[in-house]
Amino acid sequence: MAKRGKRYQEAAKLVDRSKAYEINEAVSLLKETAKAKFDETVEVAFRLGVDPKKADQQIRGAFVLPHGTGKTQCVLVFAKGDKAKEAEAAGADYVGDQDLINKINQGWFEFDVIVATPDMMAEVGKLGRVLGPKGLMPNPKTGTVTFEVEKAVKEIKAGKVEYRVDKQSNVHVPIGKISFDNQKLVENFDALVETIIKVKPQAAKGIYMKNVAITSTMGPGIKVDVTNYR
């Protein structure tokens with residue numbers, strides 16, 4: 001167990017680790033425990049009752065938070081012709097094809113999200129070995145492989161977030177910044193929980209949401225009671 005700093009230890013004393021807090025109470029407590037000198041990111045962690053080793057229990061997708069994440073994503077679009085012009089008009093930060101592929105192969109990664117039109121994927125797929133480990137590979141399941149370029153770019157800029165279950169059956173998703181007012185964080189949390197419930201695999205048995213916690217970048221985790229959401 002890594003040794004925690006004094007600031008974290010003081011914040012942790014405010015949290016009852018045996019209690020699952022109602023979301024409004026949890027967000028208020030979150031504000032008290034966020035002691036860093038920067039605007040910390042607020043993240044939700046789910047422990048789900050699924051077996052990610054089974055294909056019919058995979059969970060992956062994306063949706064737009066009602067109040068965004070508090071961060072403007074830098075979007076790169078692989079497209080040609082009219083679709084490239086559409087991407088530029090929608091506000092994409094970088095638009096191109098082979099020129100950008102070559103640049104990434106040379107170690108350039110000054111972007112957060114990639115969108116690609118389906119006709120570009122044969123070439124973009126060759127970047128799998130460098131984009132895959134960074135979680136940057138476009139995927140139809142998250143809406144980043146599409147001919148609806150304008151819609152994709154605008155949704156990402158508006159606060160679209162991705163969710164994906166890991167090997168330990170956990171899902172981690174950012175829902176804003178500690179500077180957000182409480183109501184915005186609560187509404188983003190509500191929207192996220194409802195989304196995760198909607199994508200519950202039919203093959204999943206028993207308790208689906210085993211544990212849900214909210215935390216800030218440098219703060220302790222706070223368990224949230226999601227009984228009413230079920």
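Two exercises with worked solutions follow, both on a predicted model.

**Exercise 1. Describe how helix H3 packs against helix H7: what are the crossing angle, the handedness and the contact residues?**

Step 1. Choose the descriptors. Two packed helices are described by the angle and the distance between their axes.

Step 2. Read them off. H3 spans residues 81-90 and H7 spans residues 149-158. Their axes come within 8 Å and cross at roughly 25°.

Step 3. Classify the angle. Angles under 35 degrees count as roughly parallel. H3 and H7 are therefore roughly parallel to each other.

Step 4. Assign the hand. The crossing of H3 past H7 is right-handed.

Step 5. List the contact. H3 contributes Lys 83, Glu 86, Ala 87 and Ala 90. H7 contributes Val 149, Glu 150, Val 153 and Lys 154.

Step 6. Sort by character. In this contact of H3 with H7, four residues are nonpolar, four are charged and none is polar.

**Exercise 2. Work out the strand order of the open sheet, find which strands stand at its edges, and place helix H2 on the sheet.**

Step 1. Write the order. Four strands run E7-E1-E8-E9, with antiparallel pairing.

Step 2. Find the edges. E7 (170-177) and E9 (222-223) each have a single partner strand, so one side of each has no neighbour in the sheet.

Step 3. Inspect one pair. E1 (residues 41-48) and E8 (residues 209-216) run antiparallel and are joined by seven bridges. Phe 46 stands opposite Val 212 in E8.

Step 4. Add the helix. H2 (residues 23-33) packs on the sheet and touches E1, E8 and E9. The direction of H2 makes about 35° with that of E8.

Key: Residues numbered from 1 in each chain as written. Predicted model: local features only at pLDDT ≥ 70, side-chain atom pairs only at ≥ 80, totals over all residues. Heavy atoms only, no water. Axes fitted to C-alpha atoms, helices over the stretch in contact; angles between N-to-C directions. Helix = DSSP H or I, 4+ residues; strand = E, 2+ residues; numbered from the N terminus. Parallel < 35°, antiparallel > 145°, perpendicular 65-115°, else oblique. Left-handed = near helix turned anticlockwise from the far one by under 90°. Contact = heavy atoms within 4.5 Å. Nonpolar A, V, L, I, M, F, W, Y, C, P; charged D, E, K, R; others polar. Pairing = 2+ DSSP bridges.
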